[in-house]
Amino acid sequence: MIQGALLIALAALLWATTGIVAKFLFTGTELQPITLGFLRLVVALPFFWLLMRRERERLSADAGTSRGRMTFKALVPLAALGLFQAIYQSSYLLAVDLTGAGIATLIALCLPPVLVAMLAAPLLGEKPGLLTILALMAAIAGTAMLVLSDMETTGSLRLMGLLMALLAAAVYTGFTLTSRYSAAGTPAFTTAFFCFGTAALILLPVVSVTGGFDGLETLTLRHWLMVGYIGIVPTCIGYVSFFSGMRTTPATLSSIIVTLEPLFVALLAWVFLGEVLGPTGLAGALILTVAVIVASRWGGNPGTRKVADTGVQSPEA
């Protein structure tokens, strides 16, 4: 179990580097966040296709050829997850661009587990306990403290970036709830391939219409290597590490380890980007993290709790 826990922690660390590298790209080029989200998916797709082929061949050998076929009923929820993924990629990366990697990730990734624990009651029949309600209140307070800290350190309210981070949190909440509701035994890498593929198809016309491809002219070889890094290391390698660790690690423990990602981001943002949360922000980040652990450990019905992620990580991710 220790090896599995370390693999999940490695995945969280790799996912954490996404926002840091993205911030370097946004400050050094004219690349738009939505374009980077699209390029990330395009780079990752061939790797997930290979992983899906290997996965489906193994399942076909173990359970017959019928397990290797995708039905329309199975594709519909995957398409819905792809829509959520497209919106999440755009809103999260835009939040990183407009605010900072640390605060954007803390809000976008720490709020969803608490919101899921609350919304699972009316939507999935999972009753929240008193601790879950208190976790939600603590998460709201922690988020407010992060916003106040951002205002103190930057001298202004970066409202649009904060709203994009909240949108990313809301979309990831919808993604997780949809994953739970539609979970029908679809293999992990098959889910990832169809989800990412759908998201890329959705983003392609949006990037084209908004002139997102124009910013590609400002990318040098070093910048293209950064794009490739985001598509391969945190997305593909991080995803493989996560699911490899999940094989020997309980879901509850996995969900708690994954909360290291926003903390990793805050630390890396401080070291490489000079982003400082301040005392209020640090207290808010701590409160928000504790709220996530409480919601992950005790929120909802223990028999139905799952960890859902598509590489964002965190889920990039």
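Hi everyone, let me begin with a definition: the expected span of a helix is 1.5 Å times one less than its number of residues. Helices themselves are DSSP runs of H or I with at least four residues, strands are E runs of at least two, and both are numbered from the N terminus.

Two notes on the source before we go on. What you see is a predicted model, where local features need pLDDT of at least 70 and side-chain atom pairs count only at pLDDT 80 or more, while totals for chains, interfaces and linings use all residues. Residues are numbered from 1 along each chain as its sequence is written, and side-chain values use heavy atoms, with hydrogens and water left out.

Now the overall picture. The protein has eleven helices and zero strands. Of its 317 residues, 51% are buried, where buried means under 20% relative accessible area, exposed over 50%, and partly exposed in between, with a 1.4 Å probe and protein chains only.

Let's put that opening definition to work on helix H10, residues 260–273. Its 14 residues should span 20 Å at 1.5 Å a residue, and the end C-alpha atoms are 19 Å apart, which agrees. Several H10 residues are buried, including Glu261, Pro262 and Val265. Just after H10, glycine 274 takes a positive phi of about 70 degrees.

H10 also takes us to a pocket. Here a 1 Å grid is laid over the protein atoms alone; a pocket is an open set of points where a 1.4 Å probe fits, with protein on both sides within 12 Å along at least five of seven lines, and lining residues have an atom within 4 Å of a point. The second largest pocket holds about 330 Å³ of space, a volume being the space filled by probe spheres set on the points, which are joined across faces, edges and corners. Its lining has 21 residues, and Gly102, Ala266, Glu275, Val276 and Leu277 lie nearest the centre. Helix H4 (101–124), helix H5 (130–154), H10 and helix H11 (278–298) each give two or more residues to this lining. Which of them gives the largest share of the lining? That is H10, with five residues. And Ala266, one of the residues nearest the centre, is buried in H10.

By class, the lining of this pocket has eleven nonpolar, seven polar and three charged residues. Nonpolar covers Ala, Val, Leu, Ile, Met, Phe, Trp, Tyr, Cys and Pro, charged covers Asp, Glu, Lys and Arg, and the others, Gly among them, count as polar.

On to the aromatics. Rings of Phe, Tyr and Trp (its six-membered ring) pair if their centres lie within 6.5 Å, with planes under 30 degrees apart called stacked, over 60 edge-to-face and the rest tilted. The whole structure has 13 such pairs. One of them, phenylalanine 48 with tyrosine 239, is edge-to-face, at 5.3 Å centre to centre and 85 degrees between the planes. This pair links distant parts of the chain, 191 residues apart, with phenylalanine 48 in helix H2 and tyrosine 239 in helix H8 (residues 221–246). Phenylalanine 48 is buried at 0% relative accessibility, and tyrosine 239 is buried at 1%. Both belong to a cluster linked by ring pairs, together with Trp15, Phe189, Phe196, Phe242 and Phe243.

Helix H2 also holds valine 43, which is partly exposed at 23% relative accessibility. The C-alpha atoms of valine 43 and glycine 228 are 6.6 Å apart, although 185 residues separate the two along the chain.

Last topic: how many salt bridges does the structure hold? There are two, a salt bridge being a side-chain nitrogen of Lys or Arg within 4 Å of a carboxyl oxygen of Asp or Glu. In one, glutamate 57 meets arginine 53 at 3.7 Å, N to O. These two are four residues apart in helix H2 (residues 33–63), so about one helical turn separates them. Glutamate 57 is partly exposed at 47% relative accessible area, and arginine 53 is partly exposed at 39%.

The other joins aspartate 150 and arginine 158, whose closest N and O atoms are 2.4 Å apart. Are these residues buried or partly exposed? Aspartate 150 is buried, at 6%, whereas arginine 158 is partly exposed, at 24%.

Thanks for listening!
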